[in-house]
Amino acid sequence: MPQIAVIEDDAPMSQQLRTWIEAAVPDANVTQWFTRDDAEAAIERDRYDVIVLDIELGRERHAGVALINAINKRHGTPVLVVSAMPATLYRSIMKALDAWDYLQKTTFSEADFVETFLDILRESKRRRGDDATKDAPA
């Protein structure tokens, strides 16, 4: 069962993303976090297959950047950034921070989100399989 985290402070948007994920991957276990502090605690405690993340959380304009850094230090879970910040500027910044992809909220459709999300989930599963193979005795 894929473990997915949605870190988004806007409750309707968070619920929309959750709905799309659960429709695309019915057996997914989707948890939602609305604040940086709660998200950081979850990242420390739990392992996710994919994290969907907003850059701005509440009044903290770049909370997502700090979370991406924490994720990469902890276990490198693939991150899909979904933000209202302009993609022309932020896509390259997020890629430099090792986010897997960036979608600008006002410009993507459900189909775009689901396709991107499923691509990232497939790659995450493939990598986890490779990691398990590395740890197996020869």
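Hi everyone. Let me start with one definition: a residue is called buried when its relative accessible area is under 20%, exposed when that area is over 50%, and partly exposed in between. Please keep in mind that we are looking at a predicted model.

With that in hand, let's go to helix H4, which covers residues 87-96. Which residues of H4 are buried? They are Ala87, Tyr90 and Met94. If you look down the axis of H4, these buried residues fall within an arc of 80°, so they line one face of the helix. Turn to the other side of H4, and you find Thr88 and Ala96, which are exposed.

What do the buried residues of H4 pack against? Their partners are helix H3 (63-74) and two strands, E4 (79-83) and E5 (101-104). Just one more stop here: after H4 comes aspartate 98, and its phi is positive, near 75°.

Now for the charged side chains. As a general point, side chains of opposite charge can pair when their charged atoms come close. How many salt bridges does the structure hold? There are 10, and I'll walk you through some of them.

Let's begin in helix H1, residues 11-24. Here glutamate 22 pairs with arginine 18 in a salt bridge, and their closest N and O atoms are 2.9 Å apart. The two sit 4 residues apart in the helix, which is about one turn. Are they buried or exposed? Glutamate 22, with 30% relative accessibility, is partly exposed, and arginine 18 is partly exposed too, at 23%.

Helix H2, residues 36-45, gives us another pair. Glutamate 40 forms a salt bridge with arginine 36, with 3.2 Å between the closest N and O atoms. Again, the partners are 4 residues apart, so about one helical turn separates them. Glutamate 40 counts as partly exposed at 26%, and arginine 36 does as well, with a relative accessible area of 24%.

Next, look at arginine 45, which makes a salt bridge with aspartate 46; the closest N and O atoms there are 3.3 Å apart. Arginine 45 is exposed, because its relative accessible area is 53% and the cut-off for exposed is over 50%. Aspartate 46, at 29%, is partly exposed.

Finally, which residues are linked in a network of salt bridges? Glu8, Asp54 and Lys105 are. Try finding those three in the structure above. Thanks for listening!

Key. Residues numbered from 1 in each chain as written. Predicted model: local features only at pLDDT ≥ 70, side-chain atom pairs only at ≥ 80, totals over all residues. Heavy atoms only, no water. Salt bridge = Lys/Arg side-chain N within 4 Å of Asp/Glu carboxyl O. Buried < 20%, exposed > 50% of the residue type's maximum accessible area, 1.4 Å probe, protein only. Arc of directions from axis to C-beta. Contact = heavy atoms within 4.5 Å.
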